[in-house]
Amino acid sequence: RSQTVLRSMLTMVLAIANAESGSLMLFDERTNELLIDSVKGLDPNFLNKKIPLDSGISGVAFTENKTMVLKGQAYGSRVHELLSRPEIRESIVMPFQTPDKKTRGVINLNIMGSKSSTRGRLDGLEKTLHQITSKILQTI
C-alpha cells in the first residue's frame, strides 16, 4: 500500500512541477543510504537502487536538507561532477519531511526540452510540494 501511495505522490508532484520525469528516494536509517522507491519517465532498472549519502546530488540535498535547482553548467565543481544526463535542462532535488519535520527522503524532478523553467516560482512550488508530501506521509 505505501509504495502505491508514494508512486501517486511522485505523479502528483511531477504534474505540479511540470516535469517530464523523476524519482522518489527514501532514506534507509539502517544503511545510511537513499533507496530509489519510485520512478516515472525513467528506466525502471533504477528502482531499488541504493545511493550512499556521500555520493550524489540527492545525498547532498538530503544531508543539507536543502532544495537544489540544477541548470546546465552553472554549478561548482562538486555538483558539476555529479551531473550525468545532458538532456535534462533543469532538475529540482527536494528533500521531503514527515509532519514532525523529520527528513524522510528526496524527490528528484527533471525538466527537459521546452518546458517552462521553475525560475520565479520555486518558493511557491516548494511550499506546495512540502504540503503535499507532509499530508501524504501522514497516511502511510
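**Exercise 1. The nonpolar cores**

Task: Find how many residues the largest nonpolar core has, and which residues have the most contacts inside it.

Solution, step by step:

1. Start with the terms. A nonpolar core is a set of buried Ala, Val, Leu, Ile, Met, Phe, Trp, Tyr and Cys residues joined through side-chain atoms within 4.5 Å. Buried means under 20% relative accessible area, exposed means over 50%, and partly exposed lies in between (1.4 Å probe, protein chains only).
2. Now read off the result: the largest nonpolar core has 21 residues, and Met9, Leu24, Ile107 and Leu109 have the most contacts inside it.
3. Next, see who supplies it. Helix H1 (2-17), E1, E5, E6 and H4 each give at least two residues to this core, and H1 gives the most, with seven. Helices (H or I, at least four residues) and strands (E, at least two) are DSSP runs, numbered from the N terminus.
4. There is also a second, separate core of 15 residues, which includes Ile36, Ile57, Ala61 and Met68.
5. A general idea to keep in mind: in soluble globular proteins, nonpolar side chains tend to be buried together.

A word on the model: this structure is predicted, local features need pLDDT of at least 70, side-chain atom pairs count only at pLDDT 80 or more, and totals for chains, interfaces and linings use all residues. Residues are numbered from 1 along each chain as its sequence is written, and side-chain values use heavy atoms, with hydrogens and water left out.

**Exercise 2. Two core residues close up**

Task: Work out where leucine 24 is placed, and which residues leucine 24 and methionine 9 touch.

Solution, step by step:

1. Leucine 24 sits in strand E1. With a relative accessible area of 0%, leucine 24 is buried.
2. A contact means heavy atoms within 4.5 Å. Not counting residues up to four places away in sequence, the residues that leucine 24 touches include Leu6, Met9, Leu10, Phe96 and Ile107.
3. By the same counting rule, methionine 9 touches Leu24, Phe96, Ile107, Ile132, Thr133 and Ile136, residues up to four places away in sequence being left out.
4. For a distance, take leucine 24 and valine 93: they are 69 residues apart in sequence and 9.8 Å apart in space, C-alpha to C-alpha.

**Exercise 3. Salt bridges**

Task: Find how many salt bridges the whole structure has, and say whether each partner is buried, exposed or partly exposed.

Solution, step by step:

1. Look for a side-chain nitrogen of Lys or Arg within 4 Å of a carboxyl oxygen of Asp or Glu; that is a salt bridge. Side chains of opposite charge can pair when their charged atoms come close.
2. The search finds two.
3. In one, the side chains of arginine 30 and aspartate 28 meet at 3.2 Å, N to O. Arginine 30 is exposed at 76% relative accessible area, whereas aspartate 28 is buried at 12%.
4. In the other, lysine 102 pairs with glutamate 29, and the closest N and O atoms are 2.5 Å apart. This pair links distant parts of the chain, 73 residues apart: lysine 102 is in the loop between strand E5 (88-97) and strand E6 (103-112), and glutamate 29 is in the loop between strand E1 (21-28) and strand E2 (33-40).
5. Lysine 102 is partly exposed at 44%, while glutamate 29 is exposed at 52%.

**Exercise 4. Helix H2 and positive phi values**

Task: Explain why helix H2 is described as largely enclosed by the rest of the structure, then examine asparagine 65 and lysine 101.

Solution, step by step:

1. Helix H2 covers residues 57-64, and six of its eight residues are buried, so H2 is largely enclosed by the rest of the structure. The buried ones are Ile57, Ser58, Gly59, Val60, Ala61 and Phe62.
2. Most residues other than glycine have a negative phi.
3. Asparagine 65 follows H2 and has a positive phi of about 50° although it is not a glycine. Asparagine 65 lies in the loop between H2 and strand E4 (68-71) and is partly exposed at 38% relative accessibility.
4. Lysine 101 also has a positive phi, near 75°. Lysine 101 lies in the loop between E5 and E6 and is exposed at 63% relative accessibility.
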